[in-house]
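Visitor: I should like to examine this structure with you and ask on what grounds each term is applied.

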Amino acid sequence: MQSQELVALRTQIDALDEELVELLARRFRVTDAVGKLKAAEGLSAVDAAREAIQEQRLAHLALRHEVNPGVVNRVFRTIV
């Protein structure tokens, strides 16, 4: 039998997981729009300079929120 505290914490995790999936869906819609705009404007799909800036920005955000920057980097590499 699980404690009420464990059940409550798992309920919070489930809600956060749903929010994460919703955010991913929103992000994918925006990145799809970016891809279409880049194609229409004849721009390269890859922007190495922006990716480097984003990597630094995410590392700072990770540290500010006390999350391992390496983990954040791997998560975003997977997403991208």
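Visitor: Which exposed residues does the face of α2 turned away from its buried side carry?

Guide: This is a predicted model. On that face of α2 lie the exposed residues Ala49, Ile53, Gln56, His60, Leu63 and Arg64. The term exposed is applied to them because it requires over 50% relative accessible area.

Visitor: What makes the buried residues of α2 line one face of the helix?

Guide: The buried residues of α2 are Gln54, Leu58 and Ala62. Viewed down the axis of α2, these buried residues fall within an arc of 75°, and therefore they line one face of the helix. The general background is that an α-helix has 3.6 residues a turn, so residues three or four places apart point the same way.

Visitor: How do you know that the span of α2 agrees with its number of residues?

Guide: The 17 residues of α2 should span 24 Å at 1.5 Å a residue. The C-alpha atoms at its ends are 24 Å apart, so the two values agree. For α1, which has 37 residues, the distance from its first C-alpha to its last is 54 Å, close to the 54 Å expected at 1.5 Å a residue.

Visitor: Why is the contact between Asp32 and Lys36 called a salt bridge?

Guide: The cut-off is a side-chain nitrogen of Lys or Arg within 4 Å of a carboxyl oxygen of Asp or Glu. The side chains of Asp32 and Lys36 meet at 3.2 Å, N to O, and therefore the pair qualifies under the 4 Å limit. Asp32 and Lys36 are 4 residues apart in helix α1, which means a separation of about one helical turn.

Visitor: Why does Asp32 count as partly exposed or exposed, and what of Lys36?

Guide: Exposed means over 50% relative accessible area and buried under 20%, with partly exposed in between. Asp32, at 41%, therefore counts as partly exposed, whereas Lys36, at 55%, counts as exposed.

Visitor: How many salt bridges does the structure hold, and which residues are linked in a network?

Guide: There are 3 salt bridges in the structure. Glu51, Glu55 and Arg77 are linked in a network of them. Glu55 and Arg77 meet at 2.7 Å, N to O. This pair links distant parts of the chain, with Glu55 in helix α2 and Arg77 in helix α3, 22 residues apart.

Visitor: What makes the pair of Glu51 and Arg77 a salt bridge, and which parts does it tie together?

Guide: The closest N and O atoms of Glu51 and Arg77 are 4.0 Å apart, and the criterion is within 4 Å. Glu51 lies in helix α2 and Arg77 in helix α3, so the pair ties together parts that are 26 residues apart in sequence. As to accessibility, Glu51 is partly exposed at 34%, Glu55 is partly exposed at 36% and Arg77 is partly exposed at 47%.

Visitor: Which residues make the nonpolar surface patch, and why can Val75 belong to a patch?

Guide: Val67, Val71 and Val75 make this patch of about 200 Å². Val75 is placed in helix α3. A patch residue needs over 30% relative accessible area; Val75 has 42% and is partly exposed, so it meets that requirement.

Visitor: What is notable about the phi of Glu66?

Guide: Phi of Glu66 is near 60°, a positive value in a residue other than glycine. Most residues other than glycine have a negative phi. Glu66 lies in the loop between α2 (48-64) and α3 (69-79). Its relative accessible area is 76%, so Glu66 is exposed. Gly42, just after α1, takes a positive phi of about 70°.

Visitor: Which elements have the lowest and the highest mean pLDDT?

Guide: Among the elements of the chain, α3 has the lowest mean pLDDT, 96, and helix α1 (residues 4-40) the highest, 98. The chain averages 97, and 100% of the residues score at least 70.

Technical notes. Residues are numbered from 1 along each chain as its sequence is written. This is a predicted model: local features need pLDDT of at least 70, side-chain atom pairs count only at pLDDT 80 or more; totals for chains, interfaces and linings use all residues. Side-chain values use heavy atoms; hydrogens and water are left out. Helices (H or I, at least four residues) and strands (E, at least two) are DSSP runs, numbered from the N terminus. Buried means under 20% relative accessible area, exposed over 50%, partly exposed in between (1.4 Å probe, protein chains only). Patches are made of residues with over 30% relative accessible area and no salt bridge: like charges are joined within 9 Å, nonpolar side chains (Val, Leu, Ile, Met, Phe, Trp, Tyr) within 5 Å. Accessible areas come from the Shrake-Rupley method with a 1.4 Å probe; for residues, only the protein chains shown count as cover. pLDDT is the predictor's confidence in each residue, from 0 to 100. The expected span of a helix is 1.5 Å times one less than its number of residues. The arc is that of the directions from the helix axis to the C-beta atoms.
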